[in-house]
Amino acid sequence: MPYIDLLAVLVIGAAIGRIVYKMKWLTPLGALLGGLFGAHAVVQGGLAWAVPLGVFVASGSLVGRLLGRAPADVMNEDEGPRTAAQVMANGGWAWAALALTPWVGAAWTYPAFVGSLAAATADTWGTEVGTRWRSRAWSLRNGQWVQAGVSGAVSGAGTIAGVVGAGIIGALAAVLGGLSAAAAAWITLGGIVGSLVDSVLGATLQAQYASAEEENCADVPTSQNDILVQGSKHITNNSVNGITTLIGIFFGLASALLSL
């Protein structure tokens with residue numbers, strides 16, 4: 001990257017980071033990484049790359065805020081400003097695709113980029129809407145109805161929101177990035193599949209904690225009495241999100257392959 005572009009990334013990144021931090025979307029370190037990622041997309045990729053990324057970041061925070069706070073009995077890692085670990089879990093693969101573009105070519109990396117963002121958007125919208133929608137969700141772990149928003153559970157509202165979120169990223173990729181309708185459909189499908197896999201992993205392998213007095217599980221311990229009741233302590237919500245966005249990468253690459 002030329003020095004002038006690097007300087008532009010640093011200046012624009014600082015501006016973006018300050019904005020998202022002031023809006024309480026990201027923690028300080030999360031804002032630093034998110035700002036650099038956003039600036040990199042603006043300087044190297046232009047609108048076709050920056051707009052889908054901006055839609056993912058902004059919508060992920062605004063959807064939850066517009067619908068209000070999640071119920072008090074739903075506790076997960078997505079509450080509050082996003083951390084640096086969450087930024088990398090949701091955007092790390094997309095950032096890698098962006099960074100590889102000068103060597104691999106945008107014909108491959110752009111579909112991978114938007115595919116990863118489609119999966120991240122579908123998962124985030126599904127969680128934000130599903131958690132706040134006053135309805136029950138069906139647990140993939142035990143087949144019982146549980147509080148909406150619990151990891152590993154799916155609700156009608158959350159599923160529809162995930163489909164819409166993935167579809168928006170797919171449509172932006174077609175309009176701004178010049179992808180064909182078929183490629184955009186693959187991007188959307190990858191987002192939906194990634195979101196569903198996220199729910200399956202959340203119901204099986206992801207760490208869940210609870211105490212004897214609690215009915216619902218949480219992604220993180222909420223008290224000293226909480227114990228691991230499911231999954232592995234090494235497989236966190238961030239780990240699952242990383243797998244989810246990687247699935248989006250694969251669907252994006254598949255769309256590129258089919259477009260040859």
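This report describes the fold, the packing and some individual residues of a predicted model.

**Overall make-up**

The protein has 8 helices and 5 strands. Along the sequence these elements come in the order α-α-α-α-α-β-β-β-α-α-β-β-α. The chain holds 260 residues, and 49% of them count as buried. About 12100 Å² of the protein is exposed, with 69% of that area supplied by carbon and sulfur atoms. When contacts between residues at least 6 apart in sequence are considered, 70% of them join residues at least 24 apart.

**The start of the chain: Lys24 and helix α2**

Helix α1 covers residues 3-22, and the loop between α1 and α2 contains Lys24. Lys24 is not a glycine, yet its phi is positive, at about 65°. Its relative accessibility is 59%, so Lys24 counts as exposed.

Helix α2 runs over residues 28-45. With 18 residues at 1.5 Å a residue, α2 should span 26 Å, and its end C-alpha atoms are 25 Å apart, so the two values agree. The buried residues of α2 are Gly30, Ala31, Gly34, Gly35, Phe37, Gly38, Ala39, His40 and Ala41. Just after this helix comes Gly46, which has a positive phi of about 85°.

**The largest nonpolar core**

The largest nonpolar core is made of 26 residues, and within it Phe113 and Val114 touch the most other members. Two or more residues each are given to this core by α2, α3 (47-67), α4, α5 (106-132), α6 (156-177) and α7 (181-204). Helix α5 provides the largest share of the core, 8 residues.

What does Phe113 contact, once its neighbours within four places in sequence are left aside? The residues in contact with Phe113 are Phe37, Trp49, Leu53, Ala94, Ala97 and Leu98. One of these, Phe37, is also among the buried residues of α2.

**Where α4, α5 and α8 meet**

Ala89 is in helix α4, which covers residues 84-104. Thr245 belongs to helix α8, and Ser116 to helix α5. The table gives the relative accessibility of these residues, together with that of two exposed ones.

| Residue | Relative accessibility | Class |
|---|---|---|
| Ala89 | 8% | buried |
| Thr245 | 0% | buried |
| Ser116 | 0% | buried |
| Trp103 | 70% | exposed |
| Lys24 | 59% | exposed |

Why does Ala89 count as buried? Buried means under 20% relative accessible area, and Ala89 counts as buried because its relative accessibility is 8%.

Leaving out neighbours within four places in sequence, Ala89 is in contact with Asn238, Asn241, Gly242 and Thr245. The C-alpha atoms of Ala89 and Thr244 are separated by 9.1 Å, although these residues are 155 apart along the chain.

Thr245, on the same basis, is in contact with Ala89, Asn90, Trp93, Ser116, Ala119 and Ala120. Ser116 in turn touches Asn90, Trp93, Ala94, Thr245, Gly248 and Ile249, not counting residues up to four places away in sequence. Thr245 is therefore in contact with both Ala89 and Ser116, and Ser116 is found in α5.

**A buried salt bridge**

Side chains of opposite charge can pair when their charged atoms come close. How many salt bridges does a search of the whole structure find? The search finds 1. The side chains of Arg82 and Glu128 form a salt bridge, with 2.8 Å from N to O. Arg82 sits in the loop between α3 and α4, whereas Glu128 is in helix α5, so that the pair links distant parts of the chain, 46 residues apart. Both Arg82 and Glu128 are buried.

**A nonpolar patch on the surface**

Leu100, Trp103, Val104, Trp108, Phe250, Leu253, Leu257 and Leu260 make up a nonpolar surface patch. Together these residues have about 890 Å² of accessible area. Helices α4 and α8 (237-258) are the elements that give two or more residues to the patch.

Is Trp103 in this patch buried or exposed? Trp103 lies in helix α4, and it counts as exposed because its relative accessible area is 70%.

Terms used: Residues are numbered from 1 along each chain as its sequence is written. This is a predicted model: local features need pLDDT of at least 70, side-chain atom pairs count only at pLDDT 80 or more; totals for chains, interfaces and linings use all residues. Side-chain values use heavy atoms; hydrogens and water are left out. Helices (H or I, at least four residues) and strands (E, at least two) are DSSP runs, numbered from the N terminus. Buried means under 20% relative accessible area, exposed over 50%, partly exposed in between (1.4 Å probe, protein chains only). Contact means heavy atoms within 4.5 Å. A nonpolar core is a set of buried Ala, Val, Leu, Ile, Met, Phe, Trp, Tyr and Cys residues joined through side-chain atoms within 4.5 Å. The expected span of a helix is 1.5 Å times one less than its number of residues. A salt bridge is a side-chain nitrogen of Lys or Arg within 4 Å of a carboxyl oxygen of Asp or Glu. Patches are made of residues with over 30% relative accessible area and no salt bridge: like charges are joined within 9 Å, nonpolar side chains (Val, Leu, Ile, Met, Phe, Trp, Tyr) within 5 Å. Accessible areas come from the Shrake-Rupley method with a 1.4 Å probe; for residues, only the protein chains shown count as cover.
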